Amino acid sequence: MAAEGRWCYRGDPQEGHSAPLVQFTNGKLKSTKSMSFTLYKHKDTSNPRKKHRVILNAETDRLSYVGSNFGVGALKCNTLCRYFIGVLDENSRQMDVYNAELFNMQPLVSNNVADDDLSEYLTKSYREKVDLCIETFGTNKQRKALNSRRMNKVGKEVLNKAVTKVAEDVIETKGVTALVSDAAEKDEVSLILPPCHEDADKPEDVYKFEDIISPAEYEALQAPAAAFMSITSADILKMEEEKSHCSFVLNELKSMPLDEKRCDHKARCLWFFDSLVKLSSQKNVKKKYALGPDCPHIISNKLVKTFTALAYANGRIQNQVSASMKVKITAYAIALALHINNFQTDLTVLQRDLKLRDSRILDIARAMRLKITKSKSLFGLEEHKLGTLSLPLPVYKVPPRSRKRKMN
């Protein structure tokens, strides 16, 4: 008759950690005499997600093996099944049962570098050592941030090399004297103006409409601009009270053409103009829904790419409307206003909508080769500046840089 036995459940053999059961990916273990195991536990015992993380290391004469209960190499069966291991005492016939966890041991390849050769590691900087730790033990968020930082570093190096090469080619072609002469003749504002066709025969061809709004973007404006076509006086009055649109747009909505085709064209132009003004009032622009969910993706994408500059702040890359980008928005807004108003526009109204100094918008208008005139307002109470695009284009003279006098 077989001797009676009993078993007793003991739980975890160590506080918070189960007994490890191992399996090897490249074969079965025949003997454990020449193998040593080392268990590494996570240091953060207060974090409920990390305190159970374990790395198991096995060393043999030929290979090193590593297994863990977290990350990509962890076995999914540990979350679906429970494993136990029993230790039988032959004298008392009692089996102690403990919780167990299965580890998949994978060989660790060292790329033919000796494990005790630390010369390469010791030469690394503190930042590089931290990056190595993040690669091995970091969270998904930390790894993504590391990859993003490395990609930005590579992109910056490539950009610097490309800029250096282009600069060398230009200097070799034109010479240093010619470059200095060209830079002295052109003001920085001319670099961000819309394309100007000085040899045009008609005013509408100086700043072409297609250079401001492409055909694909014009087609996408049909849906959001439809509301402007059927607008009423009550709607305009409500917009003025809520200040939901700029003054230029509200004034133009009061005189929409009766012809349906011309009305549709003007509505699309006004909707795009209003988007430019709203973008100029922002500082940090979100790439997704930059101007709200009603803005078509192609328009939002064009505005962000054309009128914002990339900047690194608060640990991430942001799209910002810098001072130079605001000048660019103003130049394109003036060009579009010229197409809307038969190539004459009220610069004072634009200056107030875009929140610029009077001298600043006049400098931009002169750089765009507009003729500046003065005109009384409707009630004659104030003086407005008008910008007119007419042929032949006036010669643009760079304003002299005057030093500010010190005030005592």
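This is a chat about a helix pair and a pocket in a predicted model.

Trainee: At what angle do helix 11 and helix 13 pack?

Mentor: Helix 11, residues 260-280, and helix 13, residues 323-340, pack at about 160°. Their axes are 10 Å apart.

Trainee: OK, so what does that make them, roughly parallel or roughly antiparallel?

Mentor: Roughly antiparallel, because angles over 145 degrees are put in that class.

Trainee: And is the crossing left-handed or right-handed?

Mentor: The crossing of helix 11 and helix 13 is left-handed.

Trainee: Which residues meet there?

Mentor: From helix 11 you've got K266, C269, L270, F272, F273, L276, L279 and S280. On the helix 13 side, they meet K326, I329, Y332, A333, L336, A337 and I340.

Trainee: How many of those are nonpolar, polar or charged?

Mentor: The contact between the two helices has twelve nonpolar residues, two charged ones and one polar one.

Trainee: Switching topic: how much space lies in the second largest pocket?

Mentor: About 480 Å³.

Trainee: How do people find empty space like that, anyway?

Mentor: Rolling a probe the size of a water molecule over the atoms shows where space is left empty.

Trainee: Cool. Which residues lie nearest the centre of the second largest pocket?

Mentor: S18, N69, N78, T79 and E101 do, out of 22 lining residues.

Trainee: Which element gives the most to that lining?

Mentor: Strand 7 does, with four residues. Strand 7 spans 94-108, and both this strand and helix 1 (77-80) supply at least two residues each.

Trainee: And what's the mix of classes in the lining?

Mentor: The second largest pocket is lined by nine polar, nine nonpolar and four charged residues.

Notes:
Residues are numbered from 1 along each chain as its sequence is written. This is a predicted model: local features need pLDDT of at least 70, side-chain atom pairs count only at pLDDT 80 or more; totals for chains, interfaces and linings use all residues. Side-chain values use heavy atoms; hydrogens and water are left out. Axes are lines fitted to C-alpha atoms, for helices over the stretch in contact, and angles run from 0 to 180 degrees between N-to-C directions. Angles under 35 degrees count as roughly parallel, over 145 as roughly antiparallel, 65 to 115 as roughly perpendicular and the rest as oblique. A crossing is left-handed if the near helix is turned anticlockwise from the far one by less than a right angle, and right-handed if clockwise. Contact means heavy atoms within 4.5 Å. Ala, Val, Leu, Ile, Met, Phe, Trp, Tyr, Cys and Pro count as nonpolar, Asp, Glu, Lys and Arg as charged, and the others, Gly among them, as polar. On a 1 Å grid over the protein atoms alone, a cavity is a set of points where a 1.4 Å probe fits but cannot get out, and a pocket is an open set with protein on both sides within 12 Å along at least five of seven lines; lining residues have an atom within 4 Å of a point. Grid points are joined across faces, edges and corners, and a volume is the space filled by probe spheres set on the points.
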